[in-house]
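Please open the model in your viewer and keep the selection tool at hand. The stops below run from a pocket to a ligand and then to two annotated residues.

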Amino acid sequence: MWPYHPDLLDRAVPRYTSFPTAAEFRPLPGDDMLPDAIAACDGDVSLYLHIPFCEQICWYCGCNTGAANKAQRLSAYLDALMHEVTLVAGQLPDRCRVARIAFGGGSPNAIAPIAYVRLLDRVLTAFSTHAPVISVELDPRGFTEEWAQVLGATGVTNVSLGVQTFDSAIQERIGRVQPLAMIEHAVGGLRRHGVRSINFDLMYGLPGQGMDGLDATLATTIDMAPERIALFGYAHVPHLLPRQRRIDASALPDQAMRFAMAARGYETLRAAGYEAVGFDHFALPHDPMAAAAREGTLRRNFQGFTDDQAERLIGLGASAISIFPDRIIQNEKNAGRYRMRLSQDQLTGTLGLMRSRDDRDRGMVIEDILCARPTDLSQISGALPMTALEPFIERGLARIDGDLLIPTDATRPYARSIAALFDPYRAQTPQRFSSAV
Ligand code: SF4
């Protein structure tokens, strides 16, 4: 059982899907920063295509997405995205190969299967690819047999399903009703059509959720045997996400209960044969994500934990984020302005930052901590937060051996809090983040 130390978890901290985090993004000084970074690319490049539409909007959702109920808006967006694919492919040097293609959102299956096929075809035609790993995020609501066939036929190997909970009363309380039969139908279709790695996104800390409810969801999940599971703590930040105001805050579990739920998830999934991946993911031993965690090659990027080793990820679509060794750039978030810029043959990177040497060194330490592996603190040339680390070391939540900071299994729920000690930007904007557990 993980030891609970609430005083070490009382600070709101980022999820560190990048370092520096998106809170540090600023308007870019010129339009050249994204084209320059693309022109300087080398080696394997990963692509992320953002589909910011969903059939129905869940009340808890923190994604940049909107309702897919206006055919004209959706088709105008897809036209712009196709054009962006062509523009970026034209600027990427011939020496680069695309090895991963991820569709996320929103819900990529909010568009028609034929529109997805056209989009993927454009990507495969425009870029130089090499047997790319293709992954797609899916909403089980509205998932059809046609989608299963299309994903299988287009060689998709990795799919992530938004499940969250199987408890129908809690589903009502978070605005996402999807009966068990719907999930079973989706999983059955994906398996029949050859998708070999299925992820379930689950959540704890939901309104009205108790330990029994979490246990039941975990048991059903284990029966269905997805290769990967992400068990997220629900982040209630209605001051940042107005759609969360529909969620009854008085029914949310307190921090002690959230911690106990995270610990229960860890113990239950480990006992069922899943390996822990980072601080909140799990994978069956044969899955490449589990292998990456075991071998120390796990990475963390805007999609969460990944076994993708590419140093360059190009985000396509409104609000999509591109990451390069020396800079991080986010596309225009507003869909209208995004389309407008592309109609003028301009890429839309508008926000971001340059990563200094110190940022990159600290980023490596933070990534190691979140990926639950030893990290070499001598990578950081500036001052180390040794005094702030002491309470974690004294309570056995990590140990120091020479220059190495070495995690234990009990480090996992404290990983974000420990990582934040190495983040010099954090003193400035703590209110933007969520509970550490
Ligand atoms: S389906 Fe996913 S992206 Fe869409 S609103 Fe629900 S949680 Fe958000």
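A pocket here is an open set of points, on a 1 Å grid over the protein atoms alone, where a 1.4 Å probe fits, with protein on both sides within 12 Å along at least five of seven lines, and its lining residues have an atom within 4 Å of a point. This is a predicted model, in which local features need pLDDT of at least 70, side-chain atom pairs count only at pLDDT 80 or more, and totals for chains, interfaces and linings use all residues. Residues are numbered from 1 along each chain as its sequence is written, and side-chain values use heavy atoms, with hydrogens and water left out.

Begin with the second largest pocket, whose volume, the space filled by probe spheres set on the points, is about 530 Å³. Select Arg299, Glu311, Ile323, Arg355 and Glu367, which of its 27 lining residues lie nearest the centre. Then select α11, a helix (a DSSP run of H or I, at least four residues), which gives the largest share of this lining, eight residues.

Next, show the ligand and the residues around it (a heavy atom within 4 Å), among them Cys54, Tyr60, Asp139 and Arg176.

Now select Gly105, one of the positions that the unreviewed UniProt entry lists under "binding site"; such annotations may be inferred rather than shown by experiment. Gly105 counts as buried (under 20% relative accessible area, 1.4 Å probe, protein chains only) because its relative accessibility is 9%. Among its contacts (heavy atoms within 4.5 Å), leaving out residues up to four places away in sequence, are Tyr48 and Glu137.

Definitions and conventions. Buried means under 20% relative accessible area, exposed over 50%, partly exposed in between (1.4 Å probe, protein chains only). Helices (H or I, at least four residues) and strands (E, at least two) are DSSP runs, numbered from the N terminus.
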